[in-house]
Amino acid sequence: MKRLKRLILLVAAFYLLVTAAMYLLQEKLIFLPTQLPSDYTYQFAQPFDEFDITADDGAVLNALHFKNTSPKGVILYFHGNAGDLSRWGHIVSYFYQYQYDVIVMDYRTYGKSTGQLNEDGLYNDAQLFYDKAASLFPEEEIVVYGRSLGTTFATKVAAQNNPKQLVLESPFYDLKFTAKKKYWYLPVKTLLKYSFPTAEFLQKVDCPVTIFHGTADSVVPYENGEKLYNLVSDKEIQLISIEGGDHNDLINFSEYTDAIPKLLD
């Protein structure tokens, strides 16, 4: 009996240790930024401007604006949870060929951006960049695009404004739902400081919505995209399922590359 009690105490102590670590280190699991020196020089094949926006709390948010000749509109792109604009600039320049400008920001602590991470601050930052896009283009020419982590920010600004359309690539239903699937043995609903309720925001979106999701997504399972689609299937929404697509390779599939020019035409 003594051995059994010791074993139970050891298991309980280990569980409490893992739970505490999850709470204290969750930002390092959610956000995977890389930093850039303030004098870093971006280099891309397409013409672009670099600019900063300062948030109300003093955070300086670094961004890129890829500029087309006679653009049809602008894509406001919210990127995923890893890297910085030196990487994401190359990714978003894909859309340049479709005669659209592209604006993409780095979140707080990413790249050259400064400030403290917090959920409300991230939402406010996203709105600042929507306001920037709306100062350059009418709303009916703004396409809001979110990828992975960025889908919650994209959905939030689409719900608060009236863009032409919303495009979500590999979205999650909400952070608690996704985390619970992965960390089923932990009380994630209690532990999480961030909610990122994409589903809640999506119900308030009035513009057309397109969801791209790979059926073999190993980071944000396909179930998330399907669940979002079913939640608002009465709206103008389409789910483009990419058979065999993973989290970061949808651009390699014809279902994606055939659909994008149609969306932007």
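This briefing describes the sheet, the helices packed around it, the nonpolar cores and one buried serine. The structure is a predicted model, and what is said below should be read with that in mind. At its centre of interest is an open sheet of eight strands with mixed pairing, together with a helix, helix 4, that is largely enclosed by the rest of the structure.

**The sheet**

- The eight strands of the open sheet follow the order 2-3-6-4-7-8-9-10, and their pairing is mixed.
- Strand 2 (48–54) and strand 10 (237–242) form the edges of this sheet, since each of them pairs on one side only.
- From one strand to the next, the twist averages 20°.
- Strand 4 (residues 74–78) and strand 7 (residues 142–147) pair in the parallel sense over five bridges, and within this pairing Leu-76 has Val-144 of strand 7 as its bridge partner.

**Helices against the sheet**

- Helix 2 (residues 85–92) lies across strand 3 (60–66), strand 4, strand 6 and strand 7, and it runs at about 30° to strand 3.
- Helix 4 (residues 150–160) has nine buried residues out of eleven, so this helix is largely enclosed by the rest of the structure.
- The buried residues of helix 4 include Gly-150, Phe-153, Lys-156 and Val-157, and what covers the buried residues of this helix includes strand 4, helix 3, strand 7, strand 8 (165–169) and helix 7 (198–202).

**The nonpolar cores**

- The largest nonpolar core has 50 residues, and those with the most contacts inside it are Phe-31, Phe-78, Phe-129, Phe-153, Leu-166 and Phe-196.
- Helix 3 supplies the largest share of this core, namely six residues.
- A second, separate core has 30 residues, among them Leu-64, Tyr-77, Tyr-96 and Phe-253.
- Phe-78, one of the residues with the most contacts inside the largest core, touches several residues beyond its neighbours up to four places away in sequence, including Met-105, Ala-126, Val-144, Gly-150, Phe-153 and Val-157.

**A buried serine in a loop**

- Ser-113 is found in the loop between strand 6 (101–105) and helix 3 (119–136).
- The relative accessible area of Ser-113 is 6%, and because buried means under 20%, Ser-113 counts as buried.
- Leaving aside residues up to four places away in sequence, Ser-113 touches Val-60, Leu-61 and Asn-62, as well as Asp-106, Tyr-107 and Arg-108.

Notes:
Residues numbered from 1 in each chain as written. Predicted model: local features only at pLDDT ≥ 70, side-chain atom pairs only at ≥ 80, totals over all residues. Heavy atoms only, no water. Helix = DSSP H or I, 4+ residues; strand = E, 2+ residues; numbered from the N terminus. Buried < 20%, exposed > 50% of the residue type's maximum accessible area, 1.4 Å probe, protein only. Contact = heavy atoms within 4.5 Å. Core = buried A, V, L, I, M, F, W, Y, C linked by side-chain atoms within 4.5 Å. Pairing = 2+ DSSP bridges. Axes fitted to C-alpha atoms, helices over the stretch in contact; angles between N-to-C directions.
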